[in-house]
Amino acid sequence: MAAASAIARQWEFKLPITSLAVNRNGNWVCATLGDGTARLLEAHDDTDNPKILALHNGISLSLKADTNPAAFISGGDDGKILSFDPTNEAPVLLAEHKHQWVDHVASSTDGAYRAYSIGKQVHLLNAQGEKHGNPLAHPSSIGGLAFSPNSKRLAASHYDGVSLWWTNAKETVPVKLTWKGSHLGTIWHPDGKILLTSLQENALHGWRMSDGNEMRMQGYAAKIHSMDFTVKGKYLATSGADQIICWPFFGGGPWGKTPLTLGGSDARLVTQVAAHPKDELIAAGYDDGMIVMTPMDGRMEVMIHPPVSEKGNAVVGLVWSTNGDCLFAALESGYLMLFTISSVQKAVAHAN
């Protein structure tokens, strides 16, 4: 690894990291590895060595915070949906579909529902892990799942649009939001009034819930694998370009507005973004391992980790602790890094 970095601590797992997530409490971080295991770390600046937990007989295909604020939920290529609390010794099996892949998982913020997808079907579970209603059928394979902030609706993206389901409705006919193309990642604005998806075609598409008014965000160099709203939902930060693209969601929304662009270089693409939970600051990781912290007030970004010369070191995960004091970053090569306020301040002072 390059020496000139603001790393406070790092761990090398010698296996590809497939995903990185933080629980709803914001006090534990989970990294899933290519052998089906997980590494669990407390999210503070003097965290100990990670706890190892066996999960899947294969790999985790989707990792998210669970309904239990302390726990995580994972879906694997072994057909298992698992919930696990870092303080417990073993995961809890919520459901199993042998010989099938669980492509996506999601949980509601009120703790009432979990959702997972297998192919064209979405399954709902209640807080106790029991089946909630019949499987929800879609016209094509699911690209992404997201519960609305009030937990009353579930958005499932697929080819040619999104299906919106009422989580507690007796009827099983969704509201369809249509737009040509293959819709993947799915995210709600924090106020629940706008839903957005990333597309296979290197673009974003969005719908306003009140009137169905649509928005199109194009011109990306690559698929958008990472999206995150800044504090109070002011901007949507996105990957997929050589800069951090931030769409404004204040003053009526992004219609007819030019996005704010931060950081960047022609030589690399942003692969991950993570908005600070309290301040107007964005962390971004690139396809060559470089990581920056970028204030949104016009000040220059700070490089906290330099590019890595060897290929295969793209940043594949980036998450903050709840208090914003710790940033965890994962490289696909198997390095997990911790940056703290103190370690960044020391690196900046040394550079100056």
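Two strands count as paired here if DSSP finds at least two bridges between them. With that in mind, welcome to a short tour of this structure, which is a predicted model.

**Strand β7 and its two partners**

Strand β7 and strand β8, the latter covering residues 80–84, clear that bar with 4 bridges in the antiparallel sense. One pair to look for is I73, which stands opposite S83 in β8. The two strands form a hairpin with 3 residues between them. In that turn, G79 has a positive phi of about 80 degrees.

β7 also has a partner in strand β6 (residues 60–65), again antiparallel, and this pairing runs over 5 bridges. Here L63 is the residue opposite S74 of β7. β6 and β7 make a hairpin too, with 6 residues between them.

Is β7, at residues 72–76, largely enclosed or not? 5 of its 5 residues are buried, so the strand is largely enclosed by the rest of the structure. The side that each residue faces is easy to follow: F72, S74 and G76 point one way, while I73 and G75 point the other way. Both sets are buried.

**An open sheet of six strands**

Further along the chain, 6 strands form an open sheet in the order β14-β15-β16-β17-β18-β19, with antiparallel pairing. Its edges are β14 (144–147) and β19 (214–217), each of which pairs on one side only. From one strand to the next, the twist averages 45 degrees.

Inside this sheet, β15 (residues 153–166) and β16 (residues 175–188) run antiparallel and are joined by 5 bridges. If you would like a landmark, S163 has K176 in β16 as its bridge partner.

**Two residues of strand β21**

Strand β21 spans residues 235–238 and includes T238. L236 is found in β21 as well. T238 counts as buried because its relative accessibility is 0%, and the cut-off for buried is under 20%. The same reasoning applies to L236, so at 0% L236 counts as buried.

Setting aside residues up to four places away in sequence, T238 touches L204, Y220, I224, S226, M227, Q243, I244, I245, W247 and V273. Among these, Y220 also meets T238 through a polar contact between their side chains, at 2.7 Å.

For L236, leaving aside neighbours within four places, the contacts include I187, L196, L204, M227, D228 and F229. They also include I245, C246, W247 and F249. L236 and P248 are 12 residues apart in sequence, and their C-alpha atoms are 6.7 Å apart in space.

**R268 in its loop**

R268 lies in the loop between β23 (260–262) and β24 (270–275). Is R268 buried or exposed? At 15% relative accessibility, R268 counts as buried, since the limit is under 20%. Its side chain makes a polar contact with the side chain of D288, at 2.6 Å. Apart from neighbours within four places in sequence, R268 is in contact with A241, D242, Y286, D287, D288, M290 and P307.

Here are the two side-chain polar contacts described above, together.

| Residue | Side-chain partner | Distance |
|---|---|---|
| T238 | Y220 | 2.7 Å |
| R268 | D288 | 2.6 Å |

**The largest nonpolar core**

The largest nonpolar core has 18 residues. Which of them touch the most other members? They are I291, M293, I304, L318, W320, L327 and F339. At least two residues of this core come from each of β25 (281–286), β26 (291–295), β28 (315–320), β29 (326–331) and β30 (335–340).

M293 gives a good view of the surroundings. Not counting residues up to four places away in sequence, M293 touches L281, I282, A283, E301, V302, I304, W320, L327 and V344.

**Cysteines without a bond**

A disulfide is a covalent bond between the sulfur atoms of two cysteines. How many disulfides does a search of the whole structure find? The search finds 0. C30 is in no disulfide, and the nearest cysteine sulfur, that of C326, is 17 Å away. C30 is buried, with a relative accessible area of 0%. C246 is likewise buried, with a relative accessible area of 0%, and C246 is one of the residues in contact with L236.

Terms used
Residues numbered from 1 in each chain as written. Predicted model: local features only at pLDDT ≥ 70, side-chain atom pairs only at ≥ 80, totals over all residues. Heavy atoms only, no water. Buried < 20%, exposed > 50% of the residue type's maximum accessible area, 1.4 Å probe, protein only. Disulfide = S-S within 2.5 Å. Polar contact = N/O pair within 3.5 Å; in protein donor to acceptor, adjacent residues only side chain to side chain. Contact = heavy atoms within 4.5 Å. Axes fitted to C-alpha atoms, helices over the stretch in contact; angles between N-to-C directions. Core = buried A, V, L, I, M, F, W, Y, C linked by side-chain atoms within 4.5 Å.
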